[in-house]
Amino acid sequence: MRFDVFTLFPGIFESPLKESMLKRAIESGLLEVQLHNIRDYAEGRHQVTDDYPYGGGGGMVMKPEPVFAAVEGVLGTGDRGLGIGDQDAGQSAISNRQSTIPIVLLTPQGRLFNQQIALELAQYDRVALICGRYEGFDERIREHLATDEISIGDYVLTGGELAALVVVDAVIRLKPGVLGDPTGASDDSHASGLLEYPHYTRPPEFRGWRAPEILLSGDHAKVDRWRREQALLRTWRRRPELLDRAELSELDRAFLRQLAHE
Ligand code: 6GU
């Protein structure tokens, strides 16, 4: 899978892509991240990428020309089709022969990133990510270039770069072969709509704290049921709103009824 990242600060991406799983994914050819410096597409001696907002007020706004030039220069201007999560026919994705490439704007006003959106993006072979800086983008970037807008949470970052890294990381680990573990991402917190159960490893006793005996019992059916109940318990305590959307069996529901009763 290829990500084209449009940013004013490509250096931010360097070390995160040179460590651990992302590094390995790149080395094995499962991940490609092309960094494009928006400033390289700005005209004039000073290659200006921001300007004062029309109507006044504080802060600077990212100019449309360098961002359009960068994205269209890299992806081509192609036929424009609809992108994901996009009901607005006025918005567009650049379609490149085989498939549509989502053009995602990272902004605090975007739809809130979650595991479902990571799965959606993992369906594509190629995704473009545009990182904002300053107070925001000229609205025409949003309306006529981007096909999707993503925020990674209800707080404000100095720019979209860290958010883009979050998206790359969460999406790429869903691709087969990226995680060493054959069960892959299927046991993750949020994969099933529940938080993950607690994990233990050796030693069986550490500073007087014992690992649950059931995990050492070798009884796989019992271990599976214990883990499921722990996941339900943890979700019920910490993130009860997740239970409304989780896939629950009748046994799960009975366990939750018992919890509520206690
Ligand atoms: Cl995508 N960008 C910025 N600047 N702040 C954020 C964000 C994105 N997501 C949450 N906060």
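In this predicted model, residue V104 has L129 of strand β9 as its bridge partner. That pair belongs to a parallel pairing of β8 with β9, the latter spanning residues 126–131, which extends over four bridges. Strand β8 also matters for the ligand, since it supplies three residues of the surrounding shell, the largest share. The points below begin with the strands, then turn to the ligand and its surroundings, and end with two backbone details in loops.

**Strands β8, β9 and β11**

- Besides its pairing with β9 in the parallel sense, β8 is joined to β11 by five bridges, and these two strands likewise run parallel.
- Within the pairing of β8 and β11, L106 has I150 of β11 as its bridge partner, and both L106 and I150 are among the residues around the ligand.
- In general, the strands of a sheet pair through backbone hydrogen bonds, in either a parallel or an antiparallel sense.

**An open sheet of three strands**

- Strands β3, β4 and β10 form an open sheet in the order β3-β4-β10, and the pairing within it is mixed.
- The edges of this sheet are β3, at residues 50–51, and β10, at residues 136–137, each of which pairs on one side only.
- Strand β4, which covers residues 61–62, pairs with β10 in the parallel sense over two bridges, and the bridge partner of M62 in β10 is F137.

**The surroundings of the ligand**

- The space that the ligand takes up is the second largest pocket of the model.
- The residues around the ligand include L106, T107 and P108, as well as I150, S151, I152 and G153, and further along the chain Y155, L157, G159, G160 and A163.
- Both β8, at residues 103–112, and β11, at residues 148–151, supply at least two residues each to this shell.
- Sorted by class, the shell consists of seven nonpolar and five polar residues, and it has no charged residues.

**Contacts with nitrogen atoms of the ligand**

- A polar atom in the side chain of S151 lies 3.3 Å from a nitrogen atom of the ligand.
- Backbone atoms take part as well: a backbone N or O atom of I152 lies 2.9 Å from a ligand nitrogen atom, and for L157 a backbone N or O atom lies 3.0 Å from a nitrogen atom of the ligand.
- Of the 290 Å² of accessible area that the ligand has on its own, the protein covers 96%.

**Backbone details in loops**

- The peptide bond that leads from R202 to P203 is cis, with an omega near 5°, and P203 is placed in the loop between α5, at residues 161–172, and β12, at residues 205–206.
- Residue Q47 has a phi near 45°, which is a positive value in a residue other than glycine, and Q47 is found in the loop that lies between β2, at residues 32–37, and β3.

Key: Residues numbered from 1 in each chain as written. Predicted model: local features only at pLDDT ≥ 70, side-chain atom pairs only at ≥ 80, totals over all residues. Heavy atoms only, no water. Near = heavy atom within 4 Å. Polar contact = N/O pair within 3.5 Å; in protein donor to acceptor, adjacent residues only side chain to side chain. Areas by Shrake-Rupley, 256 points an atom, 1.4 Å probe, with all protein chains shown as cover. 1 Å grid on protein atoms, 1.4 Å probe; cavity = no way out; pocket = protein on both sides within 12 Å on 5 of 7 lines; lining within 4 Å. Sits in = over half its atoms within 2 Å of the grid points. Nonpolar A, V, L, I, M, F, W, Y, C, P; charged D, E, K, R; others polar. Pairing = 2+ DSSP bridges.
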